[in-house]
Amino acid sequence: MSDRHVGRAGRRLTATVTDLEVVRQRALVASLCMDGDLPKAERSLDELEQLTDTAGSDVVDAEIQMKQRPDPATYFGKGKVSELAGRVKALDCDVVVVDGELSPVQQRNLQEAFGVDVVDRIALILDIFALHATSREGMAQVELAMNRYRLPRLRGKGTQMSRLAGGIGTRGPGESQLETDRRRVLGRITQLERQIAKMRTTRETQRKARDRSGLPTAALVGYTNAGKSSLLNRLTDAGVLVEDRLFTTLDATVRRLELPSGQTVLVSDTVGFVRDLPHTLVEAFRSTLEESVGADLLLHVIDASTDDPDAQIDAVRATLHEIDSHEVEELLVLNKADVADPVAVTRLQNLNPGAVTVSAVSGDGIGRLLEVLDTRLTPPTVDLDVLLPYDRGDLVSSLHQVGEILSETHEADGTRIKARVPATDAGLFAAFSA
């Protein structure tokens, strides 16, 4: 077995915000390569470094250990744990971030060995979501996911934490502090689930109202930092926050977009996906992610400049499958063409016929994307020539609502109207065809 070690020299950085000095933590990131695919493990570790930076820490050292399976007690091998402990101390690290999911025992043992906080990939993503959640629903969803993650990691911390511990003066009725903490967390989980259920009902009501409007809907989905918010801004002037960091969008944003034909559609931005997105987050954010379930079209935005777009496409589709959005019609949008390797873009286009290549930053390809959206989202129409009796003013009103009136004249037997209507509505007027 061989290891890959990446050393980084660095000092703890400080930034002054108003009169407050913010100190960024120094982090060591580490992972296991269990399938022998070192380039894949390196890409995953690079992503973990981005996540760590987004969470507010500077990566000063990184390590990949070649190992067939995690050690049940310490995740890494005994010798590797000892080596990492030395580097943590020498580099004055504040936290160790592991690119995997640690069991409570593994996390506890590593913290004792390193003498600093140890977090796994799930805890890191949860922390980032907590930083970026702004809406009441988003904050409740994050808190729910964090409580579900913490519940199995609760443990007592000595006799002072328990009235059931042995020793004089400690025996007697009552529950341990651990049991009290567990009961409190379970109670909070139940409370949050009820709150989110109510907010989900509100979101569904809003979604039904949009459905009644008859406007086609498109949902932007994609890997985190693929450029979904930038694309939404380019298409609709939405003014959504855009940063070159992961998970800057957590709350769904819905905007109107007028297509070249004049058809108005609704476009929603959703939370970015990531490889191995924690199940607790998928469940907590289900109501937000389900903006994509009710859409007529998914705009699957891909960062064409990334090293492994295929893995990101697979990760997004896996999450869509988990929330039952995989059957919604999909349009692949190859974004960041202004900085992507043209050969890589051509390869993606060949693998994904029908994909549209754009740059949300420069605007290249946006016209073509709008044309494709027009074709995919504008319902087919039928030209009608109907004579509606004067006592059927309701039909005249309906025709004005659903169709484009080409001409309207009043005749002896009724109102003659020539109109262009969606094919799905044509049957309402078939009996009055002139």
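**Exercises on helix packing, sheet order and backbone geometry**

Immediately following H7, Asp237 adopts a positive phi of about 55 degrees. The model is a predicted one.

**Exercise 1. Determine how far helix H7 is covered, and identify the elements against which its buried residues pack.**

Solution.
Step 1. H7 spans residues 228-236, and 7 of its 9 residues are buried. The helix is thus described as mostly covered.
Step 2. The buried positions are Lys228, Ser229, Leu231, Leu232, Asn233, Leu235 and Thr236.
Step 3. These residues pack against the strands S8 (217-222), S9 (253-258), S10 (264-269), S11 (297-303) and S12 (330-335), and also against helix H12 (366-377).

**Exercise 2. Give the strand order of the open sheet, name its edge strands, and place H7 and H10 relative to the sheet.**

Solution.
Step 1. The sheet has 6 strands in the order S9-S10-S8-S11-S12-S13, and the pairing is mixed.
Step 2. S9 and S13 (356-357) form the edges, since each pairs on one side only.
Step 3. S9 and S10 run antiparallel and are joined by 6 bridges. Within this pair, Val254 has Ser268 of S10 as its bridge partner.
Step 4. H7 lies across S8, S9, S10, S11 and S12, at about 40 degrees to S9.
Step 5. Helix H10 (residues 309-322) packs on the sheet as well, touching S8, S11 and S12, and its direction makes about 150 degrees with that of S11.

**Exercise 3. Classify the packing of H2 against H3 as roughly parallel, roughly antiparallel, roughly perpendicular or oblique, and describe the residues in contact.**

Solution.
Step 1. The axes of H2 and H3 (residues 104-114) are 9 Å apart and cross at about 50 degrees.
Step 2. Angles under 35 degrees count as roughly parallel, and 65 to 115 as roughly perpendicular. H2 is therefore oblique to H3.
Step 3. From H2, Val81, Leu84, Ala85 and Val88 meet Leu110, Ala113 and Phe114 of H3.
Step 4. By class, the contact consists of 7 nonpolar residues, with no polar and no charged ones.

**Exercise 4. Locate Tyr75 and Asp92, and decide for each whether it is buried, partly exposed or exposed.**

Solution.
Step 1. Most residues other than glycine have a negative phi.
Step 2. Tyr75, although not a glycine, has a positive phi of about 70 degrees. Tyr75 is found in the loop between strand S5 (57-66) and helix H2 (78-90).
Step 3. The relative accessible area of Tyr75 is 5%, so Tyr75 is buried, the limit being under 20%.
Step 4. Asp92, likewise not a glycine, has a positive phi near 55 degrees. Asp92 is found in the loop between H2 and strand S6 (95-98).
Step 5. With a relative accessible area of 43%, Asp92 is partly exposed.

**Exercise 5. Describe the surroundings of Asp61 and of Leu388.**

Solution.
Step 1. Asp61 belongs to strand S5 and, at 2% relative accessible area, is buried.
Step 2. The side chain of Asp61 makes a polar contact with the side chain of Arg87 at 3.0 Å.
Step 3. Leu388 lies in strand S14 (residues 381-388), and its relative accessibility of 0% makes Leu388 buried.
Step 4. Neighbours within four places in sequence being set aside, Leu388 is in contact with Leu395, Val396, Leu399, Asp413, Gly414, Thr415, Ile417 and Phe432.
Step 5. The C-alpha atoms of Leu388 and Ala434 are separated by 8.9 Å, while the two residues are 46 residues apart along the chain.

Methods
Residues numbered from 1 in each chain as written. Predicted model: local features only at pLDDT ≥ 70, side-chain atom pairs only at ≥ 80, totals over all residues. Heavy atoms only, no water. Buried < 20%, exposed > 50% of the residue type's maximum accessible area, 1.4 Å probe, protein only. Helix = DSSP H or I, 4+ residues; strand = E, 2+ residues; numbered from the N terminus. Contact = heavy atoms within 4.5 Å. Pairing = 2+ DSSP bridges. Axes fitted to C-alpha atoms, helices over the stretch in contact; angles between N-to-C directions. Polar contact = N/O pair within 3.5 Å; in protein donor to acceptor, adjacent residues only side chain to side chain. Parallel < 35°, antiparallel > 145°, perpendicular 65-115°, else oblique. Nonpolar A, V, L, I, M, F, W, Y, C, P; charged D, E, K, R; others polar.
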